[in-house]
Each structure stands twice: as C-alpha cells, then as structure tokens.
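Me: I have a structure open that is new to me, and I'd like to go through it with you slowly. Can I put it up here and ask as I go?

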Amino acid sequence: MPRSPNHKEPARGTMPRPRRVHFGRWSGAVLLAVLLSSLSGQVERTGPELAAYGNVCGPRHDQLCLEPVRNAGFPIAYLFDAPGISRERNVAIVEDEFRPFAFCLNVAVYLVALLVILAAFKAAARMKRQQVGASGSTPTDDRP
C-alpha cells in the first residue's frame, strides 16, 4: 500500500504514536443514556406479565391467583414487582426483580435517540454555516 508523500516514518527504535481517541462525546452520550434509562424507572404500568399473588383462588380454592405484575421502565420494562417479597404493587430497585438485559436495551434505545438528535443538530449547524459562507456576509439584523 503506497504511503502519502507527507507520511513520516518514526525514528528507528521508537514506537509509532497511537491515534488519539476522543471519548468525550461518546462518554457523555452514554452517561446521559444511562441517566435517562434510570429515570425511566419512574414510569410504571401493569401487565402483561402475570404472577401469583396468592394460592386460594379457583372454585376449590387450591389454585394460584394470577394477576398482572406491576413493572417500571420506558420504553422497555426492566424492573418487575416480586409478589410475596416486597410490598405488593409497588416497584423498588432494592427488593424487586431487576432485569439487566432489558435495562441495557433501554440504554441502547436512548443512546441511539441521543445520537440521532446530535447528528440532526450538527447537520443543521453545517447547513447554516454553508448558507452564511455562500452569501459572503454574516447574518445581521436589518433594522433601521
């Protein structure tokens, strides 16, 4: 593979300098996605998953009492009420069932949404710079 004319070989006995990787934007977006996913735990709903909230149901009172489970997280529920362990119909991360895979999916959804929004803002800023550059002047207020 041919090298560019501006390419300089490192001095003999020295290691080539590694490329710098900027983690600033990515780490900020990931942290914001984790924060948004955590805050989405405040969005609670019931169902569709069923759980046993007792065992005296049915005509002979020997069957499980299945009811919809309270869960939390948006858009994907990642925290589920554990009947018999915690206060029923209340979701808390300390005493209920936390599903890490669903939480990671939530983080991925929020991360993609944040990156799309960031890309849209960058494209809008780029278009505005091109319009200003094409007109040859800076945007001013044309008031008398």
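Me: Which residues does Y78 touch, leaving out those up to four places away in sequence?
Reply: Before the answer, please keep in mind that this is a predicted model. Leaving out residues up to four places away in sequence, Y78 touches S37, S38, S40 and G41, then A72 and G73, then E97, F98 and R99, and finally A102, F103 and N106.

Me: Is Y78 itself buried or exposed?
Reply: Y78 has a relative accessible area of 4%, and because the cut-off for buried is under 20%, Y78 counts as buried.

Me: How many aromatic pairs are there in the structure?
Reply: There are three aromatic pairs in the structure. One of them joins Y78 and F98, whose ring centres are 5.9 Å apart with the planes at 80°, so this pair is edge-to-face.

Me: Where do Y78 and F98 sit along the chain?
Reply: They come from distant parts of the chain, 20 residues apart: Y78 lies in the loop between β2 (66–72) and β3 (79–80), while F98 belongs to strand β4, residues 97–98. F98 is partly exposed, at a relative accessible area of 34%, whereas Y78 is buried.

Me: And what about the rings of Y78 and F103?
Reply: The rings of Y78 and F103 have their centres 5.0 Å apart and their planes at 75°, so this pair is edge-to-face. This pair also links distant parts of the chain, with Y78 in the loop between β2 and β3 and F103 in helix α2 (residues 100–135), 25 residues apart. F103 is buried, with a relative accessible area of 16%, and ring pairs link Y78, F98 and F103 into a cluster.

Me: Which residues make up the largest nonpolar core?
Reply: That core has twelve residues in all, and Y78 and F103 are among them, together with A29, A33, A72, L79, V91, A102, V107, Y110, L111 and L114. The elements giving two or more residues to this core are α1 (24–39) and α2, and α2 provides the largest share, with six residues. As general background, nonpolar side chains in soluble globular proteins tend to be buried together.

Me: What does the second core include?
Reply: The second core is separate and has five residues, including A51, Y53, A77 and F80.

Me: F80 then: what sits over its ring?
Reply: The charged end of R99 sits over the ring of F80, 3.7 Å from the ring centre. F80 is in β3, where N71 stands opposite it.

Me: Changing topic, what is the order of the strands in the sheet?
Reply: The sheet is open and has four strands in the order β1-β2-β3-β4, with antiparallel pairing. β1 (44–52) and β4 are the edge strands, each pairing on one side only, and β2 pairs with β3 in the antiparallel sense over two bridges.

Me: How many disulfides does a search of the whole structure find?
Reply: The search finds one disulfide, formed by C57 and C65, with their sulfur atoms 1.7 Å apart. The link of C57 and C65 has 105° about the S-S bond and is right-handed.

Me: Are C57 and C65 buried, or exposed in part?
Reply: They fall into separate classes: C57 counts as partly exposed at 25% relative accessibility, while C65 is buried, with a relative accessible area of 11%. As for C104, this residue counts as partly exposed, at 49% relative accessibility.

Methods: Residues numbered from 1 in each chain as written. Predicted model: local features only at pLDDT ≥ 70, side-chain atom pairs only at ≥ 80, totals over all residues. Heavy atoms only, no water. Phe/Tyr/Trp six-rings, centres within 6.5 Å; stacked < 30°, edge-to-face > 60°. Buried < 20%, exposed > 50% of the residue type's maximum accessible area, 1.4 Å probe, protein only. Lys NZ or Arg CZ within 6 Å of the ring centre and 35° of its normal. Disulfide = S-S within 2.5 Å. Core = buried A, V, L, I, M, F, W, Y, C linked by side-chain atoms within 4.5 Å. Contact = heavy atoms within 4.5 Å. Pairing = 2+ DSSP bridges.
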